Amino acid sequence: MLDVKYKMDYLTVPIVANFYVVKGLALKAGVQPGINLSAKIDPSEVKFDEAVKKFDLSIPVGLSYEFFNFVIDARYNFGVTKMFDLDKINLDSKNLAFQLTLGYKFTLF
């Protein structure tokens, strides 16, 4: 068995709508396009960067709760597009991610 480690870096732009169920509690849904910035693999004899697709699309869903100015946000991203573009290898790999955010909202004006 071959132990393969790979790292891919993406620049993503989440476009998410909040649907407030009750005051402070919001359901979230949207789309998240991403651009692959780099792809590395170990062992290095595999040309991995050419096999990774440059564009990625996922669907984020989740919920958030606001209490005073504090915000907690939990989101799961379901990958829509395949990560690899390989003719000889049939991989059905998609990006999946869980995100947890703790934040504070500032009043600017």
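# Close-up views of a six-stranded predicted model

**Figure 1. The protein chain as a whole, with 0 helices and 6 strands.** This is a predicted model, and from the N terminus on the elements of its protein chain run β-β-β-β-β-β. Of the 109 residues of the protein chain, 24% count as buried. The accessible surface of the protein chain comes to about 8,300 Å², and 63% of that surface belongs to carbon and sulfur atoms. When contacts in the protein chain are taken between residues at least 6 apart in sequence, 53% of these contacts join residues at least 24 apart.

**Figure 2. The pairing of strands β3, β4, β5 and β6.** Strand β3, which covers residues 25-42, pairs with β4 in the antiparallel sense over 9 bridges, and one point to look for is Ile35, whose bridge partner in β4 is Phe55. β4 in turn pairs with β5, again in the antiparallel sense, over 10 bridges. The pairing of β5 with β6 is likewise antiparallel and runs over 10 bridges. Phe78 helps to follow the strands from one to the next, since this residue of β5 stands opposite Ile59, while in β6 the bridge partner of Phe78 is Leu96.

**Figure 3. The hairpin of β4 and β5, with Phe68 in the turn.** β4 (55-67) and β5 (70-82) form a hairpin with 2 residues between them, and Phe68 is found in the loop that lies between these two strands. Beside the turn, Glu66 stands opposite Val71 in β5. The backbone at Phe68 deserves a separate look, for phi of Phe68 is near 55 degrees, a positive value in a residue other than glycine. As a general background to this, most residues other than glycine have a negative phi.

**Figure 4. Aromatic pairs, of which the structure holds 4.** Phe67 and Phe68 form one aromatic pair, which is edge-to-face, with 4.6 Å centre to centre and 80 degrees between the planes. Phe67, which lies in strand β4, counts as partly exposed because its relative accessibility is 49%, whereas Phe68 counts as exposed because its relative accessibility is 70%, over the 50% cut-off. Another edge-to-face pair is formed by Tyr76 and Phe78, with 4.7 Å centre to centre and 70 degrees between the planes. Tyr76 counts as partly exposed at 29% relative accessibility, and Phe78 also counts as partly exposed, at 42%. In addition, ring pairs link Phe70, Tyr104 and Phe106 into a cluster.

**Figure 5. A nonpolar surface patch of about 1,600 Å².** The residues that make this patch include Tyr65, Phe67, Phe68, Phe70 and Ile72, and the patch also takes in Phe98, Leu100, Leu102, Tyr104, Phe106, Leu108 and Phe109. The elements that give two or more residues to the nonpolar patch are β4 (55-67), β5 (70-82) and β6 (94-104), and β6 gives the most, with 4 residues. A reader coming from the previous view will meet some of the rings again here, for Phe67 and Phe68, which form an edge-to-face pair, both belong to the patch. The patch likewise holds Phe70, Tyr104 and Phe106, which ring pairs link into a cluster.

**Figure 6. The surroundings of Tyr20 in strand β2.** Strand β2 covers residues 15-22, and within this strand Tyr20 is partly exposed, with a relative accessible area of 46%. When residues up to four places away in sequence are not counted, Tyr20 touches Leu25, Ala26 and Glu66. Of these, Glu66 has already appeared in the view of the hairpin, where Glu66 stands opposite Val71 in β5. A further residue to find in this view is Leu63, which is 43 residues apart from Tyr20 in sequence and 9.4 Å apart from Tyr20 in space, C-alpha to C-alpha.

Methods. Residues are numbered from 1 along each chain as its sequence is written. This is a predicted model: local features need pLDDT of at least 70, side-chain atom pairs count only at pLDDT 80 or more; totals for chains, interfaces and linings use all residues. Side-chain values use heavy atoms; hydrogens and water are left out. Patches are made of residues with over 30% relative accessible area and no salt bridge: like charges are joined within 9 Å, nonpolar side chains (Val, Leu, Ile, Met, Phe, Trp, Tyr) within 5 Å. Accessible areas come from the Shrake-Rupley method with a 1.4 Å probe; for residues, only the protein chains shown count as cover. A salt bridge is a side-chain nitrogen of Lys or Arg within 4 Å of a carboxyl oxygen of Asp or Glu. Buried means under 20% relative accessible area, exposed over 50%, partly exposed in between (1.4 Å probe, protein chains only). Contact means heavy atoms within 4.5 Å. Rings of Phe, Tyr and Trp (its six-membered ring) pair if their centres lie within 6.5 Å; planes under 30 degrees apart count as stacked, over 60 as edge-to-face and the rest as tilted. Two strands pair if DSSP finds at least two bridges between them.
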